[in-house]
Each structure stands twice: as C-alpha cells, then as structure tokens.
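Welcome, and thank you for stopping by. Please take a moment to look over the structure below, and then we will walk through it together.

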Protein chains: 4
Amino acid sequence: MVEETWTRYTVSMYCEDMEMDMHMDKDREHGRGGRPRSEQARTAILHAVDDLLLEMGYAAVTMKGIAQRAGVSRQTVYRWWSHKAEILFEASVIDAQQELAVSPAADPLDDLTAYLEALIRFLAHSPAGAAYRALVGEAQHDAAVAKLLSSKDLLGDSARVVIERAIGEGNLPIPLDQATALLIGPTFFWILSGRNADHLVPRELAKDFIHDLQARLSH
Amino acid sequence: MVEETWTRYTVSMYCEDMEMDMHMDKDREHGRGGRPRSEQARTAILHAVDDLLLEMGYAAVTMKGIAQRAGVSRQTVYRWWSHKAEILFEASVIDAQQELAVSPAADPLDDLTAYLEALIRFLAHSPAGAAYRALVGEAQHDAAVAKLLSSKDLLGDSARVVIERAIGEGNLPIPLDQATALLIGPTFFWILSGRNADHLVPRELAKDFIHDLQARLSH
Amino acid sequence: MVEETWTRYTVSMYCEDMEMDMHMDKDREHGRGGRPRSEQARTAILHAVDDLLLEMGYAAVTMKGIAQRAGVSRQTVYRWWSHKAEILFEASVIDAQQELAVSPAADPLDDLTAYLEALIRFLAHSPAGAAYRALVGEAQHDAAVAKLLSSKDLLGDSARVVIERAIGEGNLPIPLDQATALLIGPTFFWILSGRNADHLVPRELAKDFIHDLQARLSH
Amino acid sequence: MVEETWTRYTVSMYCEDMEMDMHMDKDREHGRGGRPRSEQARTAILHAVDDLLLEMGYAAVTMKGIAQRAGVSRQTVYRWWSHKAEILFEASVIDAQQELAVSPAADPLDDLTAYLEALIRFLAHSPAGAAYRALVGEAQHDAAVAKLLSSKDLLGDSARVVIERAIGEGNLPIPLDQATALLIGPTFFWILSGRNADHLVPRELAKDFIHDLQARLSH
DNA sequence: CGTTAACCGAGACGGTACGTCTGGTCTTGAA
DNA sequence: TTCAAGACCAGACGTACCGTCTCGGTTAACG
C-alpha cells in the first residue's frame, strides 16, 4: 500500500498500519455528496513544487508559479494548502524520512557514523534537505511555519531511532531529546551557518557523542 | 584594525579611535564637491529597522516600510544598502557582538557556562538574536545573504574568543573551528528547531564540551 | 393563452387556470423516467433573487449567491436559467405587470395620470422596478439580455393597454408604438438619468401627451 | 488650447477659460516633489479603453485588459481612476460633447430637428454613445457610477443649450429641466429599450415638443 | 562667494505575487 | 433524471511591495 491520506490543511504521513483509517477518513471527509478531490491535481502540485525548487530555486516557488506549473487553478492550491511552506513540507517530508533512515550496523559507532553521514548528505546536498533548510529558515520569522515544522520533528525523530538502537534508551544518562541535540547540533550548526560540509568528519562527531554520554555516566 | 567593509560603502562601527579613518573614508568616497551623506538619514534607517522588527515583526520589515518609518526616501535606502538583509545585519551586528562578549571568569567551566548563557539569551530572547536568526533563515535560500553572513562570523568569532581564553589554543586537540561547532551546535540546533530554550542547561553543555576535548586528548 | 415561453424551458405564471398546462408541460418535458423537477427548488431560487436584490443590492445577485441563499446546488440554477438576468426577469415580471396595470378611470386624463403615477412608482420605488432598471442597464451591453427584454415589452404593453382604453386606437394619429414612447419617454428618461422622481408631475405629463395627439390630429 | 487638466479621481472637462487654473492646478497638485504624472500613460489608457470597447465589446473592458492594452502597469490605472466607469466616462465625454453640439439653424424647428438627429446618431450609432449607454446602465445598480454621471449631465446640458437658443428661456412655460425631458425622453426611451432607431422621425418629435410648449402657454 | 555635483524628499512608473471572488463545468451518491 | 454538495479550471479583482526613474530643492566643499 503506497497511498497517502490527508486531511484538509494537515499533512498525514505514510503509515503501513493506516489502511483502515484511510477508509474511514475518506468516508468521513467525503461526507455525502460533492466531487471527490482530484488525486491527479494533488500529485501534480507536489511534483511542481519539487521541480520548481530544483530548477528555478526557492524564489520561484510561488503559489502562482506552482499552480501554473502544475496546470492547476490557483484556487485548487489554496483549497488544500494555506502556505507554500505546507506544500513544500508535504512534498519533501517523505523523501526526507527515507534519506534519514539508515539501516542498522553491527557496531554502535558505525551506526551513529552512518547516521551522521546521512544527515550531512541530507542537509548539505539533498533537494529534500534544501527544502527543509528553507523551511527552518522561514520558521525563524513565521510562527505558522514554526508550528508546521514542530508538528513533525524530522531530524529529532530520525536521531532518536538511531540513538535508541545504538545506545539503548535505558543506558542514556540524559533525556533522549537532549541527546539528539548533542548528536545533531554540531553538524546542523556547521551547515546552516554556511560552512563547508566536506570538512565534517562523521566518525569523529560520533565519537564525540559517545564520549559525552560516557562522561555523563561516570559523574 | 577592527573595521571591515561589507556594504557597498562602509559600515562604520561606533569606535572612538575610528574617527580618523572615517575622515579618510569620507575624503576618498566623496570625490570633489557634492553634498555629503546624511548621517541623520543613516541612523534613522537603522533605528527604523530595529523598531519595525520589534513592533511589527519580520514581515513588516520592508524596504518601503523602512523608508516610511525613517522619514526617508526609498531611493536613499537603496543608495546605501542593496537588500533589507544588509540593513538588518548592520542594525543588529553591534548589539550582537556586545551581547555575545562575556567578561572572563576565573574558572574555564564558569567561563564557558557564562558564554553559553549569553548565547542562549542572544538566540532565544534578544531582538538582535531574532534578527540574526532571520538572517540565517534567509541565507538558506539566498546566496547573497549567505555571503553577507559569512563575511562576519558572529557566533564563531565570539566562541573562538572564549575557547582560546578558557582552554588555550595550544591545548586544543582539534581545529578551533570544529571546537566552536561542538560548543555552539547543540544550543543552536535546539533553538533554531523551535524547542524551548528554558530546557537548556548551560553548565551541562559546557561540561560536555570539556569532556569532548579531554576524550580527544587521551586518544 | 396566457403562457409565454422565454426561458430554456418554461416560465410558469401562477394562474389557477394554468394547472393543466403545467401538467402537460411537465409530462412533455419529463420524457420517461427520472426524477421530476423540484418546484420547491424553483421557487426558492426566485425568492432568493428577490431577497438578495432587496437586502444586499444588485452586486450580491450572483449565481453562486443565489444558489447558496436558496439552499440549492449551483448546477440546479444553471440547469434552468442561463443568465442571472433570466432569473431576475422571471422573478420580477409578475410583480411588474401587476404594478403597471391600473384600473380604468372615467376620464381619459385621469386614466393616463393614474398610469403615469404607477409608472413612476414602479421605476423609482418598486423592487421589481429596480430589477427592471438593472436589466435595461445590462441590455445596453449584453445582447442576450437585450433579446430577453425585447421578448416581453413590459412598459410598452402596459402603456398600450392604457392608451387604447383612454384614447381608442382608431383615434390615434400615429402608430401605437410611437404614442407609447411619447407617453413613457419623459418619465423613463427622468428616472433613468438619475433625476429626482418627486419632481415629476404625472397630470402635466398626461396633458402633454394628449396635446401632442391633438396637435397631430389637427395637421 | 487643446489640453485638458485633471485632478486625482475626478474628471475635469475641457474649458477655454481654464488656462490660468491649469497652471495653478499643476503647481498645486504636483505639490513639491515627486515624479510628475506621465501624460503618455494617461492617453494610452484612454485610447485603450476606446479601442477595447469598439473591438471587443464592453465585456472586455477590464481594468486588467486596459492596463495590458495600454502597455501600462495595473497600479497606474488604479492610481488615477477608481472604477472602469470613470475611465470610460473620461474617454468618451469629449467626443460625446462634440457629437451633441449642433450648429444653430435659422428656424427653431430646424434647430431642434438637427439636435434630435444628432441625439439619435449619438445614442444609437456612435461609439461614445455606446459608452454612455453602458454607463447609464451601470448607474442603475451602482451608486458610484450614478454620482459620476450626474456630475456631468451630458444629455441635459446639450438639450438645454438648444432649447434656450430655439425657444428662449423667457418663453418657456415650464422649467428648463422638464422641457429637456420632453425633448429627449421619447428618443431616449425608444433606443434604450432596444427599439429600432431608424423608425424615429426627428422632425415629428421636434414638432411634438413645440406643440407641447404652445399648449402649455395657452392655458 | 558663486559653482557644482551629489545629496535628499516625494512619488509615479512597469512588474508581479498576493489571496479572494465569481463564472461555468464536472463528478460524486442519494432520491 | 434530478438534486445537493462541492471540487475543478479560468481569470478578474484590488492591494502590496519590488526596484527604477524623474522631479524640485538642499547643501557643503571647490575654485
């Protein structure tokens, strides 16, 4: 099952065990009468956003431009998304989750290193990462975008998974949230402050993270 | 020499021992004849930007709005600054530097803790910090702003000063730049990703940083 | 036969002795099978137009607004009327005919005066008259509305009846059509050009009309 | 002197003895600073309205369309005119005045006949007349347009001139305004109600008008 | 002590995105 | 087949800001 479901103005992610809900959703939402939403229009819009971001840059990602590129009425865009940030988010979140999900490694250090490599690749080189950085940027001066972003903690979630797997939540001397900040923070800062991502050494950063935890344990 | 040029002409900091330079500057720039630049207009614009950002939020910071608020012609704004990012930067950089400069403490841990407290205060609560976060945001999808920001590494510079003072450059097992990322990163990520700054514990973060360095040394 | 067709299907007046026709109409239109047209929807729409015109003004008379107000689907409106002019016409024509029909008076001058009074009341103060003026307005730049209006010469018909009764067609020195223009024209112009209807003196206008005819006779 | 003057959002007509005022107007309006209004843009817009009305009909006369056709920004149109009715009015009023001004004839009957011929030509066949009819139409359901039209009584003014010349105001048994309604009314009604203008006989209408006045005098 | 060139305010200009609105059409499921 | 509901495309609405461009008027160093 590859379908996604959505509700008006919210973004619902792909989830295997959601099939049943989807049926209910559709029935509830569609509620008796009315032309059903055009799946074609929806995907055309999401693709248009992706394409525009890649080809023309963030400045060209415009509600008007999206509609034009998607061959869709402007009203249709506004009907389902309030801001371009919402479209951008929905268009990139699936890719982002995939790019940030790393398969487990035997060694905890390898595991964390692999994750940091993925994180760097995502933030510095991936289109989805570019969208994400743009959204983080907007969030700094737009409360609506900030709320949108906080509704789905992409980076935090992905880091939590890896940390739990590599360290084990029971072994953590600090709350999981703070651990994610220690793991992600230096890389996040390095890239968002415009520094060269090639100078980052994932394995060293992973080691730093482990040393932190060990030092905190021995207190 | 403490001065740096990053606007079309010159950004003059308010340092007493700079008067002479300014004279020279003026002479050089001014060519022969002509009305000199109005210092009154310049400060009015910078104050207008500050005020607008505080009172009306980032959305109201508009070239048009700035000019109106400053009681200045739109042309006069464009004559001296290309983007609103430049004005915002110039308007907040002095405050930022002051807020990020902490007086030395006896103990390295106290020193670092004091710095992190200042950093948190700056990023999470200060108007200048709000401006800085907005600029970092813009930089994610505007190369010009990115270049502007990288011309004056506010956070990096301030951290470097403290690290050198607390640790000593000779004692560092890693390049200074990477050390700043370890120190700043977690806080930077925490705040820019919209988390509650009150949950940060500066002293623990400072300890983490020191442990990192010690662990690296013992390798 | 009192019925006239001018909409796509049929405009049915509310006359008791028309029931049979309606039945026939329905049968004819209905073909075989299918849900019959909802009389409820039809009257709801006509009433909605009336109400909107009165309460919100002509600008609010919108196909969408009519449907909403009538609690009816947009499609249902379009199914039976092409333009909003058609609905407006159908909604006001009955009222208009009643308002323009004056009971005979003993004296020709009284008869004509009574008619002109009704005409002024209709054009200047009646809701149906407002609708009619709006339609005349639209007709100036919309051929379809012009054709619609000319299909039912409300003013001309009502004037013809009165003139025939007061003067007698045999006594007319000019064609009936031209006589109606002489009778109606000054009032029509006065009101449609935005002048104050209170300044009109129906009895004097009636006298003018009679003098015209007498002068023409004596030639 | 062929220039016109204008003030913001109002229409000022051509007037010989206005030269002096114009100077004052320009000085006053332009009031110290600011780029002066582009006469080129203004005439381009007025011509565009004329052209669109002729070529594409009233439906195509759109603020957007006008701007596009005139090669002018939309904002520039809105800066000087609120409604498209204002532009239409300003664009056609000069032509209208010229078309409705008839040179005096020896005989009063000839004078009035010539005027009615001009009136019929204007209302039924002239582009300026088409614009005028459209405006009268809009005025029936738009108070702003009604006010605009009443600010310059095109038809009334032209008729008054002729009546005064042909009859003499002293000889009128009724107010001048009412006389104009008697003269214009029948023709106005005939054409605006969609009847064939060729069936009008100006000389007979002129006679009717004269007979009216004579009959009123002899009371 | 007048030139003169760059400054300043005001504000009109062409462009273009914004978010909303209506016009018509189409597609559902129920009656 | 009609109905209510409502999504669809198309495109005009009026507003806002962008960056550029005239204007008339000011001002201080230069000659």
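**Two pairs of chains and a DNA strand**

Chain B and chain A bury about 3,100 Å² between them, and 59% of that area lies on carbon and sulfur atoms. Within the part that chain B buries against chain A, Gln140(B), His141(B) and Phe189(B) supply 21%, more than any other three residues. Before going on, please keep in mind that this is a predicted model.

How many residues meet where chain B and chain A come together? On the chain B side there are 33 residues in contact with 32 residues of chain A. Charged side chains take part in this meeting as well, with 6 salt bridges counted between chain B and chain A. A good one to look for joins Asp208(B) to Arg216(A), where the closest N and O atoms are 2.4 Å apart. The idea behind such a pair is simple: side chains of opposite charge can pair when their charged atoms come close. Polar contacts can also be found across the interface of chain B and chain A, in 10 residue pairs, with both residues at pLDDT 80 or more.

Which helices build this side of chain B? At least two residues each come from α7 (127-139), α9 (154-166), α10 (176-192) and α11 (202-217) of chain B. Of the elements on the side of chain B that touches chain A, α10(B) gives the most, with 11 residues. Sorted by character, the residues on this side of chain B are 14 nonpolar, 9 polar and 10 charged.

Now let us turn to the other pair, chain D and chain C. Here 33 residues of chain D are in contact with 32 residues of chain C. The area buried between chain D and chain C is about 3,100 Å², with 59% of it on carbon and sulfur atoms. In chain D, the residues that lose the most area to chain C are Gln140(D), His141(D) and Phe189(D), and together they make up 21% of what that side buries.

The interface of chain D and chain C holds 6 salt bridges. One of them links Glu204(C) with Arg216(D), and their closest N and O atoms are 3.1 Å apart. Polar contacts across the interface of chain D and chain C number 10 residue pairs, both residues being at pLDDT 80 or more. The elements of chain D that give two or more residues to the side touching chain C are α7 (127-139), α9 (154-166), α10 (176-192) and α11 (202-217). The largest share of that side, 11 residues, comes from α10(D). The residues of chain D that form this side divide into 14 nonpolar, 9 polar and 10 charged.

Salt bridges can be found within a chain too. Over all chains the count comes to 52 salt bridges. For an example inside chain C, find Asp157(C) and Arg160(C), whose closest N and O atoms are 2.8 Å apart. Both residues lie in helix α9 (residues 154-166) of chain C, 3 residues apart, about one turn of the helix.

Next, follow the protein to the DNA. Which residues are closest to DNA strand E? The strand is surrounded by 43 residues, and the closest are Arg74(A), Gln75(A), Arg74(C), Gln75(C) and Thr76(D). The residues of this surface divide into 10 nonpolar, 17 polar and 16 charged. Several helices each supply at least two residues to the surface near DNA strand E: α3 (63-70) and α4 (74-80) of chain A, α4 (74-80) of chain B, α3 (63-70) and α4 (74-80) of chain C, and α4 (74-80) of chain D.

What parts of the strand does the protein meet? Of the atoms of DNA strand E within 4 Å of the protein, 57% belong to sugar or phosphate and the rest to bases. Both kinds can be seen in individual contacts. A polar side-chain atom of Gln75(A) lies 2.7 Å from a base nitrogen of DNA strand E, and a backbone N or O atom of Gly34(A) lies 3.3 Å from a base oxygen of the strand. In chain D, a backbone N or O atom of Arg35(D) lies 3.2 Å from a sugar or linking oxygen of DNA strand E.

Finally, a database record adds a label. An unreviewed UniProt entry lists residues 62-81 of chain A as "DNA-binding region". Over those residues the chain is 75% helix and 0% strand, and the end C-alpha atoms are 13 Å apart.

Key: Residues numbered from 1 in each chain as written. Chains lettered and ligands numbered in written order. Predicted model: local features only at pLDDT ≥ 70, side-chain atom pairs only at ≥ 80, totals over all residues. Heavy atoms only, no water. Near = heavy atom within 4 Å. Polar contact = N/O pair within 3.5 Å; in protein donor to acceptor, adjacent residues only side chain to side chain. Helix = DSSP H or I, 4+ residues; strand = E, 2+ residues; numbered from the N terminus. Nonpolar A, V, L, I, M, F, W, Y, C, P; charged D, E, K, R; others polar. Contact = heavy atoms within 4.5 Å. Buried area = accessible area lost by both parts, 1.4 Å probe. Salt bridge = Lys/Arg side-chain N within 4 Å of Asp/Glu carboxyl O. UniProt positions renumbered as here; feature names shortened; annotations may be inferred.
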